[in-house]
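Grab a coffee and work through a few packing exercises with the model open beside you. Try each task by eye before you read its solution.

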Amino acid sequence: MSNRPELLAPPEIFYDDSEARKYTSSSRIIDIQARLSERALELLALSVDGIPRLLLDIGCGSGLSGETLTENGHQWIGLDVSQSMLNIALEREVEGDLLLGDMGQDGFFVPLWPYGWDKGLALRPGIIDGAISISAVQWLCNADKSSHEPRLRLKAFFGSLYRCLARGARAVFQVYPENIAQRELILRSAMHAGFAGGVVIDYPHSTKSRKEYLVLTCGAPSISTAVPRGKGEDGESCSEDEISEENQTVCISDRNRPKKKQKTTRKGKGRDWIFKKKEQLRRKGNTVPPDTRYTGRKRKARF
């Protein structure tokens, strides 16, 4: 059986009272969460001016990652779908404010604090200075109910997040994509929502230590939205060449859409085939219409 929790049950069911307490009391989990949260905070690249920032912790669970934000002097709001996890966070008296709901659904979070709200994240537009998420966003790629469509849930999530972030703010998500297609689905959804950025991979050549972070900036691509470098085996930054050897989809720092695949006719013949046949007819002396940019295009039904 797979050991990926998102493949076993929906988060609100998997993290029941028993599993939530076991998760929070594990010293190994606590250490991993602290290190991942520190790295996510580092990738946020917040200004070092001593001013506390208001950050969003998506999939905050029992508040382990939020404690790292508190230790670094920031205020934070935690969002999670598991009532059991949030109950433990309240028992632990975490410093952050807590919201309950499904991050993949519009109008999903129940606000527990008086800052106002937007349609999706129950937060006032432009109020958040940065967002982090540890091992949560990949849950949106699973259809736990018949009404769940991963593409639409990701669209709702990133659209709502984009609205509540201040322009120029960053969001850093540590993720465990199941495969390349899942990583590309998440990244493509973020780009369509208006984010710029890409994927940072720490220790790309290590099976055990490899970690992926989706680093996004709210706003159009610019010099400030360049994707940071991942860490290598020695803890130093990897070069882009070293990372690209592992995976060529790592650095995507703009919102350029990939070119659409060549459309074909009903018989499976593309434009190249049409140009070839027209050239053959010309060599035979037949009268052939000139080639234009409209050659081989399918006419619309209303034409």
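## Helix pairs and a sheet

Helix 3 and helix 4 cross in a right-handed way. Keep in mind that this is a predicted model.

**Exercise 1.** Work out how helix 3 sits against helix 4, and which residues meet there.

*Step 1: geometry.* Helix 3 covers residues 27-44 and helix 4 covers residues 64-71; their axes come within 8 Å and cross at roughly 50°. That angle makes helix 3 oblique to helix 4, since angles from 65 to 115 degrees would count as roughly perpendicular and those under 35 as roughly parallel.

*Step 2: residues.* Helix 3 brings Ile-29, Ile-30, Gln-33, Ala-34, Ser-37, Glu-38 and Leu-41 to the contact, and helix 4 answers with Leu-64, Ser-65, Thr-68 and Leu-69.

*Step 3: classes.* Sort the residues in this contact and you get six nonpolar, four polar and one charged.

**Exercise 2.** Do the same for helix 2 and helix 5: find the angle, the handedness and the mix of residue classes.

*Step 1: geometry.* Helix 2 (residues 17-25) packs on helix 5 at an angle of about 50°, and the axes are 8 Å apart. So helix 2 is oblique to helix 5. The crossing of this pair is right-handed.

*Step 2: residues.* From helix 2, look for Asp-17, Ala-20, Arg-21, Tyr-23 and Thr-24; they meet Ser-84, Met-85, Ile-88 and Glu-91 of helix 5.

*Step 3: classes.* The tally for helix 2 with helix 5 is four nonpolar, two polar and three charged residues.

**Exercise 3.** Trace the sheet: in what order do the strands run, and which strands stand at the edges?

*Step 1: order.* Seven strands make an open sheet with mixed pairing, and the order is 3-2-1-4-5-7-6.

*Step 2: edges.* Strand 3 (97-100) and strand 6 (195-202) each have a single partner strand, so one side of each is left without a neighbour in the sheet.

*Step 3: twist.* Ignoring direction, neighbouring strands in this sheet are turned by 20° against each other on average.

*Step 4: zoom in on one edge.* Strand 2 (residues 75-80) pairs with strand 3 in the parallel sense over four bridges. One spot to look at is Asp-80, whose bridge partner in strand 3 is Leu-100.

*Step 5: add the helices.* Helix 5 (residues 83-91) packs on the sheet and touches strand 2 and strand 3, with its direction at about 165° to that of strand 3. Helix 6 also packs on the sheet, where it touches strand 1 (54-58), strand 4 (128-134), strand 5 (165-175), strand 6 and strand 7 (211-218). The direction of helix 6 makes about 140° with that of strand 5.

**Exercise 4.** Describe how helix 6 meets helix 7.

*Step 1: geometry.* The axes of helix 6 (residues 150-164) and helix 7 (residues 180-193) come within 9 Å, crossing at roughly 45°. That's why helix 6 counts as oblique to helix 7. Their crossing is right-handed.

*Step 2: residues.* On helix 6, pick out Pro-150, Leu-154, Phe-158, Gly-159 and Tyr-162; across from them in helix 7 are Leu-185, Ile-186, Ser-189, Ala-190 and Ala-193.

*Step 3: classes.* This contact of helix 6 with helix 7 holds eight nonpolar, two polar and no charged residues.

**Exercise 5.** Find the stretch that UniProt lists as "domain: Methyltransferase", and say how far apart its ends are.

*Step 1: the record.* The unreviewed UniProt entry gives residues 56-93 for that name.

*Step 2: the model.* The end C-alpha atoms of residues 56-93 lie 18 Å apart, and the span is 45% helix and 24% strand.

Methods:
Residues numbered from 1 in each chain as written. Predicted model: local features only at pLDDT ≥ 70, side-chain atom pairs only at ≥ 80, totals over all residues. Heavy atoms only, no water. Axes fitted to C-alpha atoms, helices over the stretch in contact; angles between N-to-C directions. Helix = DSSP H or I, 4+ residues; strand = E, 2+ residues; numbered from the N terminus. Parallel < 35°, antiparallel > 145°, perpendicular 65-115°, else oblique. Left-handed = near helix turned anticlockwise from the far one by under 90°. Contact = heavy atoms within 4.5 Å. Nonpolar A, V, L, I, M, F, W, Y, C, P; charged D, E, K, R; others polar. UniProt positions renumbered as here; feature names shortened; annotations may be inferred. Pairing = 2+ DSSP bridges.
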